[in-house]
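Let's take a walk through this protein together, starting with one residue and working outwards. Keep the viewer open as you read.

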Amino acid sequence: MKFGMMTFLETGANQNGPKISDQKRIKHALEEIVLADQVGIDFYGIGEHHRNDYAASSPQIILAAAAPLTKRIILGTAVTVLSSDDPIRLYEQFSTLDLISDGRAEMIAGRGSFTESFPLFGYHLEDYNGLFTEKLELLLKAKHEEVINWSGKYREPLVNQSAYPRDIYDLKIGIGVGGTYQSVVRAAKLGLPITFAIIGGNPLNFKPLIDLYKHTYKEAGHDLDKMEISIAIHGMISENVEDLLERYYPVYRDQFEKIGSERGWNNHISYQNFLAYVNHGPLIIGNQETVVKRMYHMIKGLGIDRFIYQMPGSIMPHEMTMESIKTYGEIVIPALKELLDEKE
């Protein structure tokens, strides 16, 4: 069982709460990665976005800056928006990151739940599904074949071309999904690791999709020892739970209501709604005992291999985030490992 964390590098722009400059948020992220490495967290992921409320348009650069500052933590994306990027260029960037970090790079590729990168880089939303399918094929070909011969619909063909530098560590490439049947089946058939982003409802409702992935993976004949299933869930840890809830609620509400307004949703989040998410839904917020209990329940209920804690999921004071990371690594993860070992 592995434990990670992730962030979108939230800045609080266009929200009613606190704001932070992009420069400061990026520097804070580097401090988070260093601390996560020191306290034994296995993975740190940055989700690519091209918006003024996130400072994460170039995760690979931030992760490369973190590589020489860390020793063991996996440095990854969560996710890379593959549909609006060039797969060959991505392979070269992540191969470089893998070489810099001595084999600690990971790409979680996704179609992107935000769509701002499509017009920004000259793609059409009507090609949303086709772009991802084609680019994933080319990305995997670039990883496995030094001489590339390939043709597709959305870019010029490649004839006897190569991407450099070549990775020597078997770059880890997985798929991030929001819960669509087709995405789960595709990842399983390809034998790729999968990460479920859980942002709504009861997390245990994802069990049928996880079972589908396991069944399809096995039917495709892949090595079961290499199967990896992760979930990503928002939350934070503090012994002063009342203060944490009071700080977290307004920025969480503002962020998700803003996203909802952009997408035409009517999703006002009352404080009662928020507390329901905390107690039974996709938010794990509380003291260390509460967090251990809820994480253990999800790990056992879903049958996963890696838990990725998204903190902060909204802009929060840096010192609270650092304390949450420290508690997660030094107390929560060891307690969960002990519980899991006891129940084996």
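Before we start, one term: a residue counts as buried when its relative accessible area is under 20%, as exposed when that value is over 50%, and as partly exposed in between. Keep in mind, too, that what you're looking at is a predicted model.

So, is Tyr91 buried or exposed? Its relative accessible area is 1%, and because the limit for buried is under 20%, Tyr91 counts as buried. You'll find Tyr91 in helix 3. What surrounds it there? Setting aside anything within four places in sequence, Tyr91 has contacts with Leu139, Ala142, Lys143, Ala163, Pro165, Arg166, Asp167 and Leu171. Take Arg166 from that list: 75 residues separate it from Tyr91 in sequence, yet the two C-alpha atoms are 8.8 Å apart in space.

Now hop across to another of those partners, Lys143, which sits in helix 5. This lysine is also buried, with a relative accessible area of 18%. Again leaving out neighbours within four places in sequence, Lys143 is in contact with Tyr91, Arg166, Asp170, Leu171 and Ile173. Arg166 and Leu171 turn up on the contact list of Tyr91 and on that of Lys143, so it's worth putting these side chains on screen together.

Back in helix 3, which covers residues 87–100, there's a charged pair to look at. Arg89 makes a salt bridge with Glu92, and their closest N and O atoms are 3.3 Å apart. Why can they pair up along the helix? Arg89 and Glu92 are three residues apart in helix 3, which means about one helical turn lies between them. Arg89 is partly exposed at 44% relative accessible area, while Glu92 is buried at 18%.

Helix 11 has a pair of its own. There, Lys326 and Glu330 form a salt bridge with an N to O distance of 2.9 Å. These two are four residues apart in the helix, so they too are separated by about one helical turn. Lys326 is partly exposed, with 36% relative accessibility, and Glu330 is partly exposed as well, at 43%. Elsewhere, salt bridges with shared partners tie Arg51, Asp53, Lys258 and Glu262 into one network. Another pair is Glu145 with Lys141, whose side chains meet at 3.3 Å, N to O; Glu145 is partly exposed at 33% relative accessibility. Over the whole structure, the count of salt bridges comes to 19.

From charges, let's turn to the nonpolar interior. The largest nonpolar core holds 98 residues, and the members that touch the most others are Phe196, Phe274, Phe307 and Tyr328. Which element contributes the largest share of this core? That's helix 11, residues 318–343, with eight residues. Tyr328 is a good place to zoom in: beyond its neighbours within four places in sequence, its contacts include Phe3, Met5, Ile41, Ile237, Met295, Phe307 and Met311. There is also a second, separate core of 10 residues, with Met6, Phe8, Phe43 and Phe114 among them.

Next, the gaps. Rolling a probe the size of a water molecule over the atoms shows where empty space is left. The largest pocket has a volume of about 850 Å³. Its lining is made up of 42 residues, and Gly112, Ser113, Val177, Gly178 and Ala197 are the ones nearest the centre. Several elements each supply at least two residues of that lining, including strand 5 (105–110), strand 8 (172–177), helix 6 (181–190) and strand 10 (229–237). Which element gives the most? Helix 8 does, with four residues. By class, the lining of the largest pocket splits into 20 nonpolar, 17 polar and five charged residues.

The second largest pocket has a volume of about 500 Å³. It is lined by 20 residues, with Asp170, Lys172, Gly191, Pro193 and Lys226 lying nearest its centre. Helix 5 and strand 8 are the elements that give two or more residues to this lining, and helix 5 provides the largest share, three residues. Here the classes are nine nonpolar, three polar and eight charged. That brings us round to where we began: Asp170, one of the residues nearest the centre of this pocket, is also a contact of Lys143, and Lys143 in turn is in contact with Tyr91.

Methods. Residues numbered from 1 in each chain as written. Predicted model: local features only at pLDDT ≥ 70, side-chain atom pairs only at ≥ 80, totals over all residues. Heavy atoms only, no water. Core = buried A, V, L, I, M, F, W, Y, C linked by side-chain atoms within 4.5 Å. Buried < 20%, exposed > 50% of the residue type's maximum accessible area, 1.4 Å probe, protein only. Contact = heavy atoms within 4.5 Å. 1 Å grid on protein atoms, 1.4 Å probe; cavity = no way out; pocket = protein on both sides within 12 Å on 5 of 7 lines; lining within 4 Å. Points joined across faces, edges and corners; volume = space filled by probe spheres on them. Nonpolar A, V, L, I, M, F, W, Y, C, P; charged D, E, K, R; others polar. Salt bridge = Lys/Arg side-chain N within 4 Å of Asp/Glu carboxyl O.
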